[in-house]
Structures are given as C-alpha cells and as structure tokens.
Amino acid sequence: MMQQYWTIKDQYGDAILFYRMGDFYEMFFEDAEIASKILEITLTSRNKNDETPIPMCGVPFRAAKGYIARLIGQGLKVAICDQLEDPDVAKGLVKRDVVRVITPGMIIEDELLDEKTDNFVLALAKDHDDVGISYLDISTGVFRLTESKDVSTICEETLRIGPREIIISNMAQQDPSVSRLIDGLSEKAVTVVDEKAFSYHQGREYLLEQFKTRSLEGFGCEHLRAGIRSAGALLYYVRETQKQKIEHLSSLETYRLDTFLLVDETSCRNLELLGNLRTGSRQGSLLNTIDRTITAMGGRLFRRWLRYPLTDVDRIMLRLDAVEAARNNSHTRNAVRDCLKSVYDLERLGSKITMGHCNARDLVALKHSLQALPEIGSFLSQFDTPTMEWDGDIGMFHMLADLLERAIREDAPLTIQEGGLIKVGFSEELDELIAMSRDGKGWLAELEAREKKATGVNSLKVRYNKVFGYYIEAPKTHSDAMPAHYIRKQTLVNAERYITDELKSFESKVLSAEDRRATLEYDIFNRIKGEIVKTNPSIQKVAQFLARIDCLTALAEIADQNDYMRPEINTDGLILIEEGRHPVVEKMIAGERFVPNTIHLDNHENQVLIITGPNMAGKSTVLRQVALLVLMAQMGSFIPAARSSIGITDRIFTRVGALDNLSQGQSTFMVEMEETANILNNSTAKSLVIMDEIGRGTSTYDGMSIAWAVAEYLHDLKGVGVKTLFATHYHELTALSQTKTRVKNFNIAVREWNDQIIFLRKLVAGGTNRSYGIQVARLAGVPDPVILRSKKILSTIEETERGAGNLPLFADSRQDQPAGPVQIDLFRKPEGYMISELKKLDITQMTPLDALNYLSELQEKVRSDSN
Ligand code: ADP
C-alpha cells in the first residue's frame with residue numbers, strides 16, 4: 001500500500017495528499033506533520049513498532065470539507081485520492097488515484113467560498129515586451145484576459161483582481177519584475193509550472209478546443225500573444241487539477257485597462273472602498289454602505305462595478321438611465337427585488353451542475369430560480385428601458401423548470417446514490433420498483449406473523465444483515481419446533497438462523513428492486529443533469545443579466561433611500577459637486593447633521609485647491625468625498641449631491657494620512673514618499689489627485705518644502721497640470737496662489753468661542769493662518785497642564801517669529817516645575833533671528849572694530865545654528 005501511496009504522492013509533491021482508506025482520508029509523512037498542526041488533530045504513526053514508524057493523521061471522509069477549507073485557507077493545496085473500486089469486490093489492493101486537486105484558486109464548494117466575492121486563479125505570462133494576465137473563477141465560469149506593455153500597470157491590475165492563487169512559469173519566476181510582483185503578493189499561493197505550459201501555440205490550441213471555435217477573433221484576443229500564453233496555461237492548470245473538461249468555461253472576456261477608471265490598491269485602501277482602514281473588515285466601507293444587492297451574483301458584480309468604474313460616457317449613461325427608471329418607479333422596483341429573493345446563485349449552481357458536483361437540492365434551487373424568471377421579466381418590461389429587458393429566449397427555461405418540477409423531490413437527501421430523489425409519477429418503471437420494495441416490507445411482516453403461528457414460537461423474528469440477507473431467527477430452545485423446510489445457516493450462542501426458499505426468492509426480488517430503484521433514480525438524475533448542462537450557457541447568460549438587474553435596482557434603491565441625485569457626465573474635465581456629502585461619514589455621524597459642501601475643480605482656473613483648516617475640521621472628509629463621488633458617478637450610480645457634473649476621470653490617486661507600514665520594515669515617511677512619487681510619475685490631465693497632509697512624516701521645514709514643491713509640480717504637470725485637492729496644515733502654502741494661476745485657496749471654517757473651537761465643517765474660499773492645534777488637543781482630552789504649557793510655548797514662538805523675541809526665552813517661567821529644555825531649533829529661523837538682532841543695533845555707537853567683532857559673532861552664531 002505504501003508503494004501505491006508513493007507512486008501517487010510523487011505526482012502531487014506540492015499538495016497535501018488525502019489518501020482514502022475506508023471511512024477516512026489519511027495523510028502520511030510530512031503531509032501528516034503539516035496538516036496535523038494546522039488542523040489541530042492528533043499525529044499518530046503507522047507501524048508503531050518498526051524502527052522508523054510512519055507519521056500519520058486522518059480526518060473522517062464525511063467531514064473532510066471543513067478540514068480542506070482550513071488547509072486551503074493557509075494557501076495549501078489538497079489532492080483528493082479516492083478508491084476507484086468497491087473495496088468489498090476488489091481483488092487485492094484497492095485501486096486508487098487522485099480525482100481532483102483543490103487549490104486556493106480552484107474551488108467549487110459553496111462552503112469554501114465567500115458568496116459575494118469572486119475566487120480567482122490568475123496566470124501571468126510575458127511575450128517579448130508584453131505582459132499578459134488572465135484569470136478565471138471555476139465556480140462561476142468567469143474568464144478574463146488583459147495585456148499591457150507596462151509591468152507596473154499589470155502589477156496594479158493583479159492587485160485589483162485580488163487572485164487567491166497565481167500561476168507563473170519557472171522562467172518567469174526568474175524575471176526581476178515578476179518576482180517583485182510576487183513579493184508584493186506574499187499572502188497569495190503561487191504555483192510554478194513548467195514553461196511548456198505557457199507555449200503560445202499550445203495555449204491557442206487549448207483555447208480553440210475549449211471554446212470550439214476556429215479563431216480567437218470573437219473574443220478580441222487573437223493578436224494578444226502574451227494573453228493567450230497566460231490563458232492557455234490556465235486551461236492546462238485547470239485540466240491538471242480538475243481531471244475533467246470544464247464545459248462551463250465557454251467564453252473569454254478580453255478587456256482594455258483604459259476603459260476603466262483605475263483606483264490603485266493604496267487608494268482603494270485609503271478611500272476605504274472595500275474595507276475600513278482600521279481592521280480591513282467591510283464595516284464602514286463604501287461597498288458596505290451602498291451595496292443593496294440581493295443575489296450572490298449581484299453582490300459579486302456590484303463589487304466589480306465599484307472596482308471597475310467606467311470611462312465611456314455612453315456606457316455610464318446607459319447605467320444611469322436604468323437606475324433612473326428604477327428609482328422613479330419604486331413599486332415595480334420593489335416587485336423585482338422581491339422576486340430576486342427567490343433566485344439562487346445561478347452562476348455557481350450552473351458550474352456545480354456542469355462539473356458534476358451537485359445534488360438534488362441544487363436542482364431544486366435551480367428550479368426555484370428559473371420559476372422566478374417570467375415574473376421578473378414581466379415586471380422589468382414596466383421600466384420601459386431596453387437595457388433592463390431580457391431579449392433571449394425564455395421558453396427553454398420554462399421547459400427546464402417544468403421538468404425539474406415534475407421530477408425532483410423538494411425533500412431529496414444530500415446524497416444522490418441512495419434514492420429518494422425522484423417524484424412519484426415521473427417514471428412508471430421507477431414507481432413499480434418503489435411499490436415493490438414498499439410492499440415487500442409489508443409482506444415481511446406478514447410472513448413473520450404467519451411463521452410464528454405455524455411454529456408456535458412467538459419470539460421468532462425475520463431479520464436482515466449484509467452477509468446472509470433475509471433470515472429467520474429463533475431461540476435455540478425452539479430448534480426442534482422448526483419445520484423441515486427451514487434451512488439452518490448459522491448457530492449463535494442462544495439462537496439459530498434459518499433461510500427458506502420462499503424468503504430467498506422474495507429477497508432477490510426486493511433487494512434487486514431497491515438496488516434497481518436507487519440506480520434508476522441516479523440515472524434519471526443524471527439524464528436531467530445532462531439537460532441542464534445543455535442549457536447551461538443560457539443559464540449563465542441569464543445569471544449575468546439578473547446580476548446586472550440586481551445591481552441597477554440596488555443602485556436605484558440606495559439612491560432613493562439616501563437621497564442621491566443623478567450626476568451629469570462631461571468630458572471637459574469639469575468636476576462640479578454642489579452640496580455634496582460623504583456617503584459613508586453621513587451615515588456614521590448619527591444624530592449630527594452632515595454639512596454639505598460645494599467643490600468646483602477644472603483644468604483652467606480651479607485646478608489645484610489648497611485646503612487649510614485645523615485638524616478635525618473635515619479636510620480629509622471633503623477630499624475623500626470628492627474622490628468617492630467621482631467613482632460612484634462613473635460606476636453608474638447616483639450620488640449624494642444636490643447637483644453635479646462629473647468629468648470623466650482616468651485615475652484617482654490618493655496620498656492620505658500616514659499608514660503604519662512599519663511591520664513591513666518601511667518607515668512611514670518612506671511609504672509616503674513612494675506613494676507621492678507614484679502620483680507624480682503616473683497622473684495625467686484627466687486624473688484626480690487627493691493629497692492629504694503630505695510631508696507630515698518629516699521635520700517641519702522638510703515637510704513644508706516637499707509639500708510646496710509637490711503642489712507646484714502637480715500644477716505644472718506636463719504643461720497642463722492635474723486636478724488636485726491638497727489638504728495641508730502648512731498655511732504657508734496658501735502663498736502659492738500668488739504665483740500659480742490655477743491654484744485656489746480654501747479653508748474649512750471654524751469659530752473660536754471662549755477659547756473653545758467650534759467646527760462649522762463649511763468649505764469657504766481663502767486660506768487660514770491658524771491651526772488651532774491646542775484647542776483640538778484639549779477637545780481630545782489632553783490634560784490641562786500640557787495645554788497651558790503648550791500655549792505658553794506657542795506664544796513665545798510666535799513672538800520670536802515676529803522678530804521681537806529673545807531666544808533664551810524658552811525656559812519655563814513657572815518656578816514649581818523643572819524648566820525642561822525645549823527644542824527651539826526646530827522652530828527658529830536664523831534669518832528671523834538676524835533681522836531682529838540687526839534691528840536692535842545702534843551703528844552710530846559702534847567703532848569699526850566693534851562692527852567687525854559683531855559681524856564675526858553673528859557669523860559664528862549662524863554657523864553653529866545650521867549645524
Ligand atoms: P481633518 O482631516 O480636517 O482632520 P476629518 O475629515 O478627519 O478632519 O474630519 C473629522 C470628523 O469630523 C469626521 O470624522 C466627521 O465625523 C466629522 N465631519 C467631517 N466633515 C463633516 C461634515 N461635512 N459634516 C459633519 N461632520 C463632518
């Protein structure tokens with residue numbers, strides 16, 4: 001057996017081998033050591049008494065899914081090695097082989113998948129200068145491909161896709177740009193396959209064979225060699241792991257990256273699109289706030305719309321038209337959404353059924369979903385919007401639903417081999433068999449009564465076991481009373497077991513009826529499954545259609561609930577948001593009123609807005625709000641703004657706050673500067689840049705200088721500049737508007753009252769010259785002595801800055817406290833000091849020597865300061 005184990009294990013070296021033995025999956029050697037730790041199960045050993053016992057652990061076959069899920073969750077692969085013949089019948093060692101390899105990116109079981117997230121496996125390939133990626137989700141049949149010449153663009157795209165598993169070739173692995181990408185994805189499972197799997201010709205052949213076409217023109221990728229290499233490698237990998245053809249991968253979607261608004265991974269995190277910054281959970285994210293989809297497939301599409309907002313005006317308009325129609329007709333919308341509640345995950349159901357991993361309950365779920373279609377269709381026609389109407393044939397769904405209704409029992413069991421699946425009345429042959437086995441039970445009871453009477457032995461029983469089949473059992477003490485036609489079969493301590501000819505002929509009838517019944521039900525089930533597989537391409541299409549309807553009506557729903565308005569879309573680069581609100585913050589500040597703000601950005605006069613204001617005033621909120629509203633508009637959503645016109649934007653960049661990346665060994669300042677560099681190098685005139693407190697991570701003057709230069713650079717970028725919102729607490733930056741024509745100053749208004757600060761949250765034109773940091777510190781609960789002391793230091797610094805001060809003034813005047821040294825150098829400008837000293841000088845009273853000495857002293861001072 002161990003020999004057989006090794007032959008199989010050798011082929012699946014990178015997977016944990018689940019080796020089926022009876023009711024268990026056993027793992028051996030290193031696999032057992034790894035798995036027992038992760039699964040927290042006991043590590044035992046086989047051949048305990050040998051010199052080198054074999055480490056081993058096992059999990060019950062029926063509970064395997066949960067254990068597999070945990071291993072997959074750790075990025076491991078599991079090869080399922082099953083018994084290929086019935087152990088009761090097999091001669092010698094039972095034949096075994098791997099029937100499927102489950103990897104993090106190759107999952108179809110609902111239990112192992114998140115309902116509203118795609119589960120992608122991605123392959124990356126190079127062809128000369130081109131880099132191609134393709135990715136698929138076998139649980140839904142989604143299969144996409146894209147290409148670029150720019151590796152960093154592909155890296156960004158890979159992050160946006162968020163694959164669970166990546167496949168590269170052993171050659172590509174050595175490419176520095178690819179290995180950088182892989183390093184950035186440390187949590188994902190990386191599978192290295194032989195370069196041969198990435199061959200262009202073979203890949204193309206695989207694809208043609210899979211889609212049953214003669215060219216790839218129809219999929220828009222015939223000319224994309226790198227893309228074809230990657231897609232071919234994916235198909236190769238699917239075959240290797242699934243051990244079957246994947247019929248439901250029936251098409252491939254090629255897309256161009258510039259047809260979508262790109263929000264890079266950092267900005268996605270900063271803007272809290274899918275998860276919040278603190279914990280990463282969905283709570284408080286944009287997705288969580290605006291996703292009102294009902295079906296699982298709608299949920300997955302909604303997430304995609306959010307990550308892939310459009311850049312094509314016509315496509316955005318089509319979505320907005322549909323949302324508007326659904327918003328204005330709440331009655332019909334509610335009716336549609338009600339119907340959607342009975343639609344199951346058609347994409348995943350279809351895939352499970354085609355791959356043969358389904359049971360009768362999946363078919364019942366499919367039936368309910370299909371039965372909802374006519375009603376949904378009739379409601380949708382009331383919207384009177386062509387994009388909301390199903391233009392395909394609905395007849396075949398009727399027929400299929402009808403077939404399922406007639407055939408499949410609602411209360412069918414989870415297994416499909418033991419009968420109980422098919423309704424009475426569906427098949428005459430089956431009904432006869434069922435009657436036979438049911439009647440058989442009654443006949444047995446009758447026989448028992450009859451024999452008791454005939455023998456006079458009341459304790460006589462008719463029983464069944466696997467070895468003898470049906471038999472009569474009677475206590476030994478009554479052996480003599482047994483009639484001659486009873487054939488003794490077995491003697492127990494207290495009883496004898498007999499068979500009779502009558503019982504045997506009954507047995508063969510009944511047993512075979514039960515067996516035949518189960519087999520027949522299984523056959524019928526498979527026939528029906530075959531019908532579904534034939535219809536599956538249409539089921540997948542209707543699933544995508546329903547997902548779309550779900551998203552559109554969900555957008556209408558949220559617009560209605562939260563008072564969002566339809567944005568205008570323009571291509572002039574204007575971003576005008578009147579009375580805009582932050583969609584998430586407005587929901588979080590329960591009880592408080594969210595103050596709406598108006599923002600006007602364009603490429604002519606109001607391109608770089610410098611927004612000043614104290615901490616906590618609402619700078620970040622207004623910045624993110626603009627980014628989120630642009631993104632929502634381009635995904636086809638209404639937005640929280642009284643009126644708006646959104647210019648098509650190609651990328652949104654953000655540099656927000658100081659994220660703590662120390663765990664990855666990078667300093668916050670370094671991260672900040674890398675992000676800034678990325679923005680400066682990649683933004684275009686059509687981009688929107690959000691800069692929040694850049695330069696905070698270093699010393700004041702460094703930070704301010706960098707912030708200043710960055711703002712200037714963005715204003716002058718490629719001679720045309722880029723729309724930028726620049727929040728800063730360096731009020732000095734407001735001076736930029738004097739030299740740069742398209743810079744405008746704004747601040748978020750606050751009022752001071754009784755030494756308290758009141759936030760008005762209103763964005764107003766003009767700069768500020770105060771930062772109110774101490775008032776904010778008090779609000780935050782900093783103890784009074786610290787507040788008082790900082791006020792004192794502040795006034796001293798301010799005095800010095802005005803040139804009236806005396807430098808050694810920074811000593812504490814309160815005698816009861818030790819006078820701590822203050823880092824005055826940080827605050828002091830040598831020029832200010834010199835000017836104030838010069839002002840004090842009375843030259844008429846000085847000799848030339850005095851003057852020279854003084855000059856030397858001054859020089860000395862300045863030199864030592866700059867050290
Ligand atoms: P800053 O970036 O200026 O430090 P934030 O944007 O982080 O300030 O805002 C601080 C808090 O103020 C937010 O968490 C929110 O609760 C509240 N806030 C911000 N903008 C508004 C607004 N327009 N209306 C009401 N509350 C707001």
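What volume does the second largest pocket have? It comes to about 1,500 Å³. Before we look around it, some ground rules: this is a predicted model, where local features need pLDDT of at least 70 and side-chain atom pairs count only at pLDDT 80 or more, while totals for chains, interfaces and linings use all residues. Residues are numbered from 1 along each chain as its sequence is written, and side-chain values use heavy atoms, with hydrogens and water left out.

Back to that pocket. The search runs on a 1 Å grid over the protein atoms alone; a pocket is an open set of points with protein on both sides within 12 Å along at least five of seven lines, a cavity is a set where a 1.4 Å probe fits but cannot get out, and lining residues have an atom within 4 Å of a point. Grid points are joined across faces, edges and corners, and the volume is the space filled by probe spheres set on the points. With that in hand, the second largest pocket is lined by 35 residues, and F61, K65, E109, H357 and L414 are the ones nearest its centre. Two or more lining residues come from each of α3 (64-73), β5 (78-83), β6 (96-102), α14 and α17. Those labels are DSSP runs numbered from the N terminus: helices are H or I with at least four residues, strands are E with at least two. By class, the lining of this pocket holds 14 nonpolar, 8 polar and 13 charged residues. Here Ala, Val, Leu, Ile, Met, Phe, Trp, Tyr, Cys and Pro count as nonpolar, Asp, Glu, Lys and Arg as charged, and the others, Gly among them, as polar.

Now for the closed spaces. Searching the whole structure turns up 3 cavities of 30 Å³ or more, and the largest cavity has a volume of about 50 Å³. Its lining consists of L373, I376, G377, L380, W390, I394, V542, F545 and L546. The elements giving two or more residues to that lining are α14 (360-381) and α17 (501-562), and α14 has the largest share, with 4 residues. The lining splits into 8 nonpolar, 1 polar and no charged residues.

On to charges. A salt bridge here is a side-chain nitrogen of Lys or Arg within 4 Å of a carboxyl oxygen of Asp or Glu, and the count by this rule is 52. Take D130 and K149, whose closest N and O atoms are 2.6 Å apart. D130 lies in strand β8 (residues 130-137) and K149 in the loop between β9 (142-148) and α4 (151-161), so this salt bridge ties together parts 19 residues apart in sequence. D130 is buried, at 18% relative accessible area, whereas K149 is exposed at 60%. The cut-offs are under 20% for buried, over 50% for exposed, and partly exposed in between, using a 1.4 Å probe and protein chains only.

A second salt bridge pairs R144 with E253, with the closest N and O atoms 3.1 Å apart. This one links distant parts of the chain, from R144 in strand β9 to E253 in strand β12 (residues 253-254), 109 residues apart. R144 is buried at 8% relative accessible area, and E253 is partly exposed at 36%.

Then there is R566 with D321, whose closest N and O atoms sit 2.9 Å apart. R566 is in the loop between α17 and β18 (568-570) and D321 is in helix α11 (residues 313-328), so far along the chain that 245 residues separate them. R566 is partly exposed, with a relative accessible area of 27%, and D321 is partly exposed at 35%. Elsewhere, D118, R300, D345 and E347 are joined into one network by salt bridges that share partners.

The loop that holds R566 has a backbone detail too. D563, found in the loop between α17 and β18, has a positive phi of about 60 degrees although it is not a glycine. D563 is partly exposed, at 46% relative accessible area. M616, in the loop between β21 (608-612) and α19 (619-635), also is not a glycine and has a positive phi, of about 75 degrees. M616 counts as exposed at 56%.

Finally, the surface: W753, I758 and L760 form a nonpolar patch with about 300 Å² of accessible area together. Patches take residues with over 30% relative accessible area and no salt bridge, joining like charges within 9 Å and nonpolar side chains (Val, Leu, Ile, Met, Phe, Trp, Tyr) within 5 Å. Accessible areas come from the Shrake-Rupley method with a 1.4 Å probe, and for residues only the protein chains shown count as cover. L760 is in strand β27 (residues 756-765) and is partly exposed, at 31% relative accessibility.
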